[in-house]
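Trainee: I am new to this structure and would like a close look at one part of it. Please start with the division of the chain and then turn to the packing of helices.

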Amino acid sequence: MDRKLLSIIIPCYNEEKTVETIYATVTDVMTNGQCDYEILFVDDGSKDYTEQKVCGLAQKDRHVKYYSFSRNFGKEAAIYAGLNNARGDYVVIMDADMQDPPALLPEMISTLESGEYDSVATRRVSRKGEPMVRSFCARCFYKLIRRISDADIVDGARDFRMMTRDMVNSVLALSEYNRFSKGIFGWVGYRTKWLEYENIERTAGETKWSFWKLLAYSLDGIVNFSNVPLMISSYLGILMTFISFVAIIFIIVRKLIFGDPVSGWPSLVCIITFVGGIQLFCMGIMGQYLSKTYMEVKKRPHYIIQKSNDEETEKNK
Ligand code: UDP
Ligand code: MG
């Protein structure tokens with residue numbers, strides 16, 4: 001029987017302290033394993049020695065391929081680049097910082113080999129070791145997005161996931177510019193098995209996610225997978241029209257019955273500021289969708305690969 005090929009995609013941004021550890025561990029797990037493998041390091045414009053390190057690994061070991069971006073394009077772009085260049089029958093995405101245990105790989109492969117599932121996904125059951133504010137915000141975000149979106153987005157889901165070639169091709173068919181992988185994986189469907197594990201803290205280096213990056217990421221998730229904010233803005237518009245209609249009748253009737261005492265200045269100011277606030281809020285929501293649409297129609301590439309040891313990629317440049 002033909003041995004299957006597994007592509008292991010590892011996005012790296014300033015991971016000079018971790019790439020060698022993850023390389024060694026993955027190699028250890030995969031040597032003499034159930035399938036052949038290739039490791040694809042996607043260097044997302046790192047400013048440290050990540051590129052030199054993965055380049056060194058690639059010279060030593062023919063299993064290693066690397067793709068170096070011309071600047072930092074973000075983890076989503078790195079994942080997309082990996083999926084685009086992976087040739088495996090199975091493809092897995094994992095972080096460079098050992099938060100995704102390579103020891104799970106054999107179990108994931110067996111699950112896919114059995115043919116019962118098309119994808120093995122992972123979620124962490126705890127957020128141990130994470131700052132309280134961050135895990136609170138993350139929880140709220142997942143509650144919200146699960147309510148307002150039709151894609152199945154699981155709380156605590158990681159990007160650590162192994163997929164069959166069919167599923168990868170479906171994911172690649174969604175070539176949108178603003179990518180939110182957790183939503184895309186849920187949206188394409190397929191039979192998915194979930195593995196759960198306790199949060200593992202990163203081995204070295206530090207998290208690349210600032211508060212603002214996380215906020216932008218969650219907004220991307222909401223705008224990409226839900227129209228509910230737009231609906232809220234139209235419902236608010238309808239509600240305000242109704243309220244003002246009632247108020248107009250009330251004011252006219254009062255004038256006809258009680259004459260015209262000069263009063264009502266405070267209520268006037270309240271109404272003007274209230275309505276103004278709602279209008280700005282709704283325009284902001286529309287602006288969010290408009291700006292995403294603007295980025296989509298420009299059809300810019302998701303990333304630019306400046307350097308790589310993959311001949312095929314270099315040829316197609
Ligand atoms: N990463 C990336 N580009 C970025 C930010 C992060 O490729 O702009 C990679 C990073 O190197 C790591 C993975 O994405 O392999 C997850 O990042 P991190 O560990 O910082 O996130 P956390 O685990 O804290 O959510
Ligand atoms: Mg991490």
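Trainee: Into which domains is the protein chain divided, and which residues belong to each?

Mentor: The protein chain is divided into domain 1, made of 5-131, 154-208 and 301-308, and domain 2, which covers 228-298; such bounds come from an automatic or database domain assignment. The model is predicted: local features need pLDDT of at least 70, side-chain atom pairs count only at pLDDT 80 or more, and totals for chains, interfaces and linings use all residues. Residues are numbered from 1 along each chain as its sequence is written, while chains are lettered from A and ligands numbered from 1 in the order in which they are written. Taken over C-alpha atoms, the centres of domain 1 and domain 2 are separated by 47 Å.

Now the helix pairs. Helix α9 spans residues 228-258 and helix α10 spans residues 265-298 (helices are DSSP runs of H or I, at least four residues, and strands runs of E, at least two, numbered from the N terminus). The axes of α9 and α10 come within 9 Å and cross at roughly 155° (axes are lines fitted to C-alpha atoms, for helices over the stretch in contact, with angles from 0 to 180 degrees between N-to-C directions). That angle makes α9 roughly antiparallel to α10 (under 35 degrees is roughly parallel, over 145 roughly antiparallel, 65 to 115 roughly perpendicular, the rest oblique). The crossing of α9 and α10 is left-handed (the near helix is turned anticlockwise from the far one by less than a right angle; clockwise is right-handed).

On the α9 side, P229, L230, S233, L236, G237 and M240 meet V275, I278, C282, I285, M286 and Y289 of α10 (contact: C-beta atoms, placed from the backbone, within 7 Å). These residues divide into 10 nonpolar, two polar and no charged (Ala, Val, Leu, Ile, Met, Phe, Trp, Tyr, Cys and Pro are nonpolar, Asp, Glu, Lys and Arg charged, the others, including Gly, polar).

Helices α6 (residues 165-173) and α7 (residues 181-188) have axes that come within 10 Å and cross at roughly 120°, so α6 and α7 are oblique to each other. Their crossing is right-handed. M167, S170 and V171 of α6 make the contact with I184, F185 and V188 of α7, a set of five nonpolar, one polar and no charged residues.

The axes of α1 (residues 19-30) and α2 (residues 50-60) also come within 10 Å, crossing at roughly 30°. This makes α1 roughly parallel to α2, and the crossing of α1 and α2 is right-handed. V19, E20 and Y23 of α1 are in contact with T50, K53, V54 and L57 of α2. By class, the contact of α1 with α2 has four nonpolar, one polar and two charged residues.

Notes: Contact = placed C-beta atoms within 7 Å.
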